[in-house]
Amino acid sequence: FVLREHRYPSTMHAYAPLHPGIRMPWEILVNVHGERFVQEDNPSVNHIEYGIARQPGHRHWAVYDHAMLMQSPPIIPDWSVDRLAGEHAEHAMFHRADTLDSLALQAGLHPRNLLRTVELYNASIARGDADPYGRTHRPLEIKKPPFYAIEMQGWTLVSFAGLHVNPQLQVLNSDRRPIRGLYALGEVIGAGATSGRAYTNGMLVTPAITFGRWLGGRLAAAY
């Protein structure tokens, strides 16, 4: 997510889906140290999300050049190239500079590390070497100014905690005993009850509908 401003928490300004199933990456992802930390084209969205979760402040930056801006599908869906370029001229979370060290200073990244990161990325492409993170989709080197960076923030979408229930969906008290006549399902029992350690689309709505039908049928039959 791209926030509206540096203040945290802040409202969302744009959504950049960093998932190769939606859009193959052209840019690289770096942390505040100016270093890559993840295989950007890994088919598992969990791989990228867990990588972001390990970074300071859950902050990460997409770094790319002018050739990528003009040739790649926009990193933010439904945005035109002109709008994306305009945001880099006006918005606090979008950065643009003619050199990588200037870009790093604008974006709050480590300049020397960012320069080295891009040099290593470019050199591996030029030589035909394997990417150290296992990335295979590398359509262009990052070398045509101006250079761009988008500052993004990992967000917690839902709470994984919730009311403790037993297999009959009865709410349990602090002694883990059922509270008579009290049942719970859906988001109130927490995403961890149905999604495990990863957020999965539909794993709050679908169980709520399914468990609701199941519990309603049991209660109707009982009473």
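Trp79 is buried in this predicted model, its relative accessible area being 10%, and the side chain takes part in two kinds of contact. Across one face of the Trp79 ring lies Arg83, at 3.9 Å from the ring centre. Trp79 also forms an aromatic pair with Phe94, with 6.0 Å from centre to centre and 20 degrees between the planes; because planes under 30 degrees apart count as stacked, this pair is described as stacked. The partner Phe94 is likewise counted as buried, at 3% relative accessibility. The pair links distant parts of the chain, since Trp79 belongs to the loop between helix H2 (66–71) and helix H3 (81–90), whereas Phe94 is in strand E5 (residues 94–97), 15 residues apart.

The structure holds three aromatic pairs, and another of them joins Phe1 to Tyr15, whose rings have planes at 35 degrees, so that this pair is tilted. Here too distant parts of the chain are linked: Phe1 is in the segment before strand E1 (2–3) and Tyr15 in the loop between strand E2 (12–14) and strand E3 (28–30), 14 residues apart. Phe1 counts as partly exposed, at 21% relative accessibility, and Tyr15 is also partly exposed, at 44%. Two of the pairs are set out below.

| Pair | Centre distance | Angle of planes | Class |
|---|---|---|---|
| Phe1 and Tyr15 | 5.4 Å | 35 degrees | tilted |
| Trp79 and Phe94 | 6.0 Å | 20 degrees | stacked |

Strand E5, which carries Phe94, runs antiparallel to strand E6 and is joined to E6 by four bridges; within this pairing, Ala97 stands opposite Phe147 of E6. Strand E4 (residues 59–65) also pairs with E6 in the antiparallel sense, over seven bridges, and Tyr64 has Tyr148 as its bridge partner in E6. Strand E6 (residues 147–153) is largely enclosed by the rest of the structure, because seven of its seven residues are buried. This burial concerns both sides of the strand: Phe147, Ala149, Glu151 and Gln153 point one way from E6, while Tyr148, Ile150 and Met152 point the other way, and all are buried.

Elsewhere in the model, the second largest pocket has a volume of about 210 Å³. The residues that line this pocket are Glu35, Arg36, Asn113, Arg116, Thr117, Leu120, Tyr121, Ser124, Pro132 and Tyr133. Sorted by class, the lining comprises four nonpolar, three polar and three charged residues.

Note on methods:
Residues numbered from 1 in each chain as written. Predicted model: local features only at pLDDT ≥ 70, side-chain atom pairs only at ≥ 80, totals over all residues. Heavy atoms only, no water. Phe/Tyr/Trp six-rings, centres within 6.5 Å; stacked < 30°, edge-to-face > 60°. Helix = DSSP H or I, 4+ residues; strand = E, 2+ residues; numbered from the N terminus. Buried < 20%, exposed > 50% of the residue type's maximum accessible area, 1.4 Å probe, protein only. Lys NZ or Arg CZ within 6 Å of the ring centre and 35° of its normal. 1 Å grid on protein atoms, 1.4 Å probe; cavity = no way out; pocket = protein on both sides within 12 Å on 5 of 7 lines; lining within 4 Å. Points joined across faces, edges and corners; volume = space filled by probe spheres on them. Nonpolar A, V, L, I, M, F, W, Y, C, P; charged D, E, K, R; others polar. Pairing = 2+ DSSP bridges.
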